[in-house]
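Open the model in your viewer and keep the sequence panel visible. At each stop, make the selection, then compare it with the text.

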Amino acid sequence: VALAASSPLQAGNFGEQGRGYARPPSQPVQRLTVYVAPTAVEAADMLYMREEEKLARDVYLVLNEAWELVPFANVAASEQKHMDAMLKLLRKYRLPDPAEGNAIGEFTDPDLQKLYDKLVDKGLKAPDEALLVGGLIEEVDMVDIQSAIEASTKDDIDAVYASLMCGSRNHLRAFA
């Protein structure tokens, strides 16, 4: 009888999990994180978006050097942040970085390489043309981001895309 009265079970000490023992307060509760792979479309969109953000940054760096217009320096710095955000997603979802090792103006995607070359050529003709190129890049980005949002099923991916979309709207206003 004396043992039963002094038992932790008798005292109601069931711990957080109700298993008859308490977790010491200094030990955090461990939660398992389950990796859920992106769909093929989500993966392709993230890879493309990483390089598309690089294209914007690279074009703006070149056009800033040529024309020294304020929007190009500011927006190029913002595009670097967009690239970094996409790289975090690629790492989280264990995808290769298509921009790794590529210098300014070098792209893994051949279509983006052609687009970069075309946009730089156009932007180097005159300052007005350069601003039009900036606006065009942001308009295309917004269409691509919206498409990626519609294809995504993951909240973390959508959050990054929403941030990119907001940035593109601001960049478009800067070029206008």
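Start with the contacts across the whole chain in this predicted model. Of the contacts between residues at least 6 apart in sequence, 74% join residues at least 24 apart. Now colour by secondary structure: the chain shows six helices and zero strands. Along the sequence the pattern reads α-α-α-α-α-α. Switch on the surface next. The accessible surface of the chain is about 10600 Å², and carbon and sulfur atoms account for 57% of that area. Of the 176 residues, 35% count as buried.

**Stop 1: helix H2 and Lys54**

Select residues 40–67, which form helix H2. How far apart should the end C-alpha atoms of H2 be, at 1.5 Å a residue? The 28 residues of H2 should span 40 Å, and the end C-alpha atoms are 40 Å apart, so the two values agree.

Within H2, pick Lys54. Is Lys54 buried or exposed? Lys54 has a relative accessible area of 1%, so Lys54 is buried. Show what lies around this side chain. Setting aside residues up to four places away in sequence, Lys54 touches Met83, Ala99, Asn102, Ala103, Ile104, Gly105, Glu106 and Phe107.

**Stop 2: Glu68, after H2**

Move along the chain to Glu68, which follows H2 and sits in the loop between H2 and H3. The phi of Glu68 is near 50°, a positive value in a residue other than glycine. Glu68 counts as exposed because its relative accessibility is 66%.

**Stop 3: helix H3**

Select residues 70–92, which make up helix H3. The 23 residues of H3 reach 34 Å from the first C-alpha to the last, close to the 33 Å expected at 1.5 Å a residue.

Which residues of H3 are buried? They are Pro71, Phe72, Val75, Ala76, Glu79, His82, Met83, Met86, Leu87, Leu89 and Leu90. Colour them and look at how they are placed around the helix. An α-helix has 3.6 residues a turn, so residues three or four places apart point the same way. Next, show what the buried residues of H3 pack against: helix H2, helix H5 (127–151) and helix H6 (155–175).

**Stop 4: Arg94, after H3**

Step past the end of H3 to Arg94, where phi is positive, at about 55°. Arg94 is a residue other than glycine, and its place is in the loop between H3 and helix H4 (110–123). With a relative accessible area of 60%, Arg94 is exposed.

**Stop 5: H3 against H6**

Show H3 and H6 together and hide the rest. The axes of H3 and H6 come within 11 Å and cross at roughly 170°. That angle makes H3 roughly antiparallel to H6. On the H3 side, the contact includes Pro71, Phe72, Val75, Ser78 and Glu79. On the H6 side, the residues in contact include Asp156, Ile157, Val160, Tyr161 and Leu164. What classes of residue make up the contact of H3 with H6? There are twelve nonpolar, four polar and three charged residues.

**Stop 6: three residues of H6**

Keep H6 on screen and select Asp158, which lies in this helix. Asp158 has a relative accessible area of 22%, so Asp158 is partly exposed. Apart from residues up to four places away in sequence, Asp158 touches Ile149 and Ser152. Ile145 is 13 residues from Asp158 in sequence, and the two C-alpha atoms are 9.5 Å apart.

Go on to Cys166, also in H6. Cys166 counts as partly exposed because its relative accessibility is 36%. The C-alpha atoms of Cys166 and Met142 are separated by 9.0 Å, with their positions 24 residues apart along the chain.

The last selection is Ser168, again in H6. Is Ser168 buried or exposed? The relative accessibility of Ser168 is 0%, so Ser168 counts as buried. Beyond its neighbours within four places in sequence, Ser168 is in contact with Glu138, Asp141, Met142 and Ile145. Draw a distance from Ser168 to Met142: the residues are 26 apart in sequence, and their C-alpha atoms are 6.5 Å apart in space.

Conventions
Residues are numbered from 1 along each chain as its sequence is written. This is a predicted model: local features need pLDDT of at least 70, side-chain atom pairs count only at pLDDT 80 or more; totals for chains, interfaces and linings use all residues. Side-chain values use heavy atoms; hydrogens and water are left out. Helices (H or I, at least four residues) and strands (E, at least two) are DSSP runs, numbered from the N terminus. Buried means under 20% relative accessible area, exposed over 50%, partly exposed in between (1.4 Å probe, protein chains only). Contact means heavy atoms within 4.5 Å. Accessible areas come from the Shrake-Rupley method with a 1.4 Å probe; for residues, only the protein chains shown count as cover. The expected span of a helix is 1.5 Å times one less than its number of residues. Axes are lines fitted to C-alpha atoms, for helices over the stretch in contact, and angles run from 0 to 180 degrees between N-to-C directions. Angles under 35 degrees count as roughly parallel, over 145 as roughly antiparallel, 65 to 115 as roughly perpendicular and the rest as oblique. Ala, Val, Leu, Ile, Met, Phe, Trp, Tyr, Cys and Pro count as nonpolar, Asp, Glu, Lys and Arg as charged, and the others, Gly among them, as polar.
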